[in-house]
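Biologist: Please take a close look at the aromatic rings and how they pair. I am in my first year, so please explain each term as you use it.

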Amino acid sequence: MKIVRTIFALFLAASGGQSAEAQCGGETPAVSPCLPRIIPGTPGVHEVIVDVSTAAASFIPACGLNVGHAVWFEVTPSISGLLTFSTCHPSTSYDTVLQPWLATGDCEFPQRLDELCVDDTSDPACVSPCSPTPRSSSVTFSAVAATTYFFEVGSYNNNSDGCALCLGVRVTICGGDTTPPTTMISSPTFLDCSCDPVNVVGTVDESDGALQSYTLEYAAGGSPSWALISSGSSSIINGVLGIWSTSGLAQGYYVLRLTATNVCGLTSSSVQTVWVEGGFDTVDYRSPAHTAVVGGLVCLDGTVNDQFCFNNYTAEYRPAGGGAFQPVDPGNPTYTHPVINDPLALWDTASLGLPDGDYEMEVQGINDCGYSSSVSLWHTVDNTPPIASISSPFECDYVDGVVQITGTANDANLQSWTLQYAGGGSGWTNIVPPSAIPVVNGVLANWDTTSLPACAYMLRLVVSDTAILNCNAAITHRSEDTVAINLGFCGDFDADDDGDVDLIDYSAFDAAFTGPIP
């Protein structure tokens with residue numbers, strides 16, 4: 001039993017400290033140039049993963065030390081151009097040595113290309129998991145079409161580091177391509193409204209060569225930092241390049257960038273500036289003011305606007321006590337154009353037959369991304385004129401001295417009332433200053449007439465409320481009542497207008513009251 005263990009230990013040491021069991025799920029190694037792993041010679045990128053734990057030393061390369069675990073690959077490019085063979089691959093886990101060979105027609109005697117032998121490649125991306133320094137190998141040279149090349153990959157110093165023996169190789173064949181790939185972002189378009197998530201549609205293609213890779217990235221407007229959305233290595237023709245999640249991004253301008261590289265190292269890129277939406281911009285209800293009293297036709301004025309993503313807005317009302325909102329204009333419940341400091345909608349309270357009272361008004365804007373914003377105000381509808389009524393004195397009454405005037409000056413939204421007289425050579429004159437105190441079947445004024453000449457007079461009561469009518473703040477409900485009265489006696493006895501009062505004038509008077517003088 002001890003002898004068996006000793007032999008097994010010697011085998012492990014000869015194979016670099018690794019068992020012969022599969023270590024990475026890769027292919028079985030091709031350990032001879034006469035039976036190599038054949039890689040396609042067509043332009044493009046070709047990859048192979050191999051488990052080399054069972055491979056042993058082979059032909060001695062021109063570089064490296066005590067090279068073991070040799071595996072062989074064959075490539076016959078279909079067109080002349082640059083060929084890159086690299087073990088810089090995510091699956092490569094040990095320190096490699098790479099030796100290219102030229103086929104001679106006899107697989108046992110290939111021609112070693114000493115100047116192309118590579119131990120380590122100074123590329124930070126080529127660090128293996130088993131070492132902190134670049135340990136993979138890569139070579140690029142001008143290959144000739146229809147010429148067969150062998151590539152021997154071995155472990156440096158027979159894998160003395162004891163790393164896992166998994167090998168990934170990448171072969172890139174560039175057939176003399178001189179034009180970069182095609183890149184285009186067709187959607188979203190310039191300053192298009194972008195809603196989460198965003199399907200970025202476009203084209204990335206290499207029509208006369210092979211595409212190596214592409215990336216789709218984004219950056220905030222003016223920012224030098226780019227974040228990856230998606231990447232790939234296959235052509236896409238007018239399809240989805242990536243799905244961009246904008247959740248959590250601040251609203252604003254962003255730049256999309258599509259960059260593609262072909263196997264010849266030629267690169268092209270396309271950019272598109274878009275708008276990422278994060279909410280509805282502006283809803284401003286300017287007038288009527290909150291708690292305004294309105295009547296008739298009401299003009300709603302303000303701003304409902306979303307810079308790039310506007311969809312629609314609504315203007316609705318309901319009684320202050322609650323209930324379902326109703327459009328202010330049943331024939332036009334939704335408005336599809338933004339408004340900036342202009343009329344938003346017309347609310348015809350009279351035609352709708354709304355009872356007087358308090359109402360809640362709501363203006364709501366919605367954008368293409370489903371974001372919304374609203375403003376609610378309260379208005380009082382008043383379509384009832386004020387009450388203006390003089391109950392005393394009566395029409396054609398004779399009065400004198402201090403005259404008590406009674407009546408009603410009242411409204412649910414009273415602004416003011418005024419009591420006036422005209423006559424005796426005077427125009428309309430206030431009996432008392434204007435008042436905002438309602439009077440219901442009460443004393444309006446005690447009118448002192450002692451200084452006024454006897455004559456016919458007219459009394460007028462004018463009552464106004466605060467309701468803004470038909471969108472004009474200068475127009476309110478106004479009611480008035482008038483009464484004609486006589487103060488003392490006022491007459492002209494010169495019936496024939498000859499400048500004096502005589503029997504002729506008296507005869508006219510007597511005829512009017514008693515008949516003609518006998």
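The answer below begins with the ring pairs and then turns to the strands and a pocket.

Modeller: This is a predicted model, so local features need pLDDT of at least 70 and side-chain atom pairs count only at pLDDT 80 or more, while totals for chains, interfaces and linings use all residues. Residues are numbered from 1 along each chain as its sequence is written, and side-chain values use heavy atoms, with hydrogens and water left out.

A pair of aromatic rings is described by the distance of the centres and the angle of the planes. Rings of Phe, Tyr and Trp (its six-membered ring) pair if their centres lie within 6.5 Å; planes under 30 degrees apart are called stacked, over 60 edge-to-face, and the rest tilted. Searching the whole structure gives 22 aromatic pairs. One of them is Y317 with Y359, an edge-to-face pair with 6.1 Å between the centres and 65 degrees between the planes. Y317 belongs to strand β21 (residues 310–319) and Y359 to strand β24 (residues 357–367), so this pair ties together parts that are 42 residues apart in sequence. Strands here are DSSP runs (E, at least two residues), numbered from the N terminus, as are helices (H or I, at least four).

Are these two rings buried or exposed? Buried means under 20% relative accessible area, exposed over 50%, and partly exposed in between (1.4 Å probe, protein chains only). Y317 is buried at 9%, and Y359 is buried at 6%.

A second edge-to-face pair is formed by W447 and Y457, with centres 6.0 Å apart and planes at 75 degrees. W447 is in strand β31 (residues 439–448) and Y457 in strand β32 (residues 455–465), so the pair ties together parts that are 10 residues apart in sequence. W447 counts as buried, at 4% relative accessibility, and so does Y457, at 3%. Elsewhere, ring pairs link F73, F85, F141, Y149 and F151 into a cluster.

Rings can also have a charge over them, meaning that NZ of Lys or CZ of Arg is within 6 Å of the ring centre and within 35 degrees of the ring normal. R257 lies over the face of W226, 3.9 Å from the ring centre. R460 lies over the face of W428, at 4.1 Å from the ring centre.

Now back to the strand that holds Y317. Strands of a sheet pair through backbone hydrogen bonds, either parallel or antiparallel. Two strands are said to pair if DSSP finds at least two bridges between them. β21 and β24 are antiparallel and share nine bridges; in β24, G365 is the bridge partner of Y313. β21 also pairs with strand β22 (residues 326–327), again antiparallel, over two bridges. Y317 stands opposite Q326 in β22. The hairpin of β21 and β22 has six residues between the strands, and G322 takes a positive phi near 115 degrees there. β21 is mostly covered, with seven of its 10 residues buried.

Another hairpin, made by β29 and β30, has two residues between its strands, with G424 in the turn at a positive phi of about 60 degrees. Strand β29 (residues 414–423) and strand β30 (residues 426–430) run antiparallel and are joined by three bridges, and Q420 stands opposite N430 in β30.

One sheet also includes an aromatic residue in a bridge. It is an open sheet of five strands in the order β1-β3-β8-β5-β6, with mixed pairing. β1 (37–39) and β6 (111–112) are at its edges with a single partner strand each, so one side of each has no neighbour in the sheet. Strand β5 (residues 96–102) runs antiparallel to β6 and is joined to it by two bridges; W101 has R112 in β6 as its bridge partner. β5 also pairs antiparallel with strand β8 (residues 149–155), over seven bridges. Six of the seven residues of β5 are buried.

Last comes the largest pocket, which holds about 330 Å³ of space. Among its 19 lining residues, V45, T84, R170, T172 and Q212 are the closest to its centre. On a 1 Å grid over the protein atoms alone, a pocket is an open set of points where a 1.4 Å probe fits, with protein on both sides within 12 Å along at least five of seven lines, whereas from a cavity the probe cannot get out; lining residues have an atom within 4 Å of a point. Grid points are joined across faces, edges and corners, and the volume is the space filled by probe spheres set on the points.
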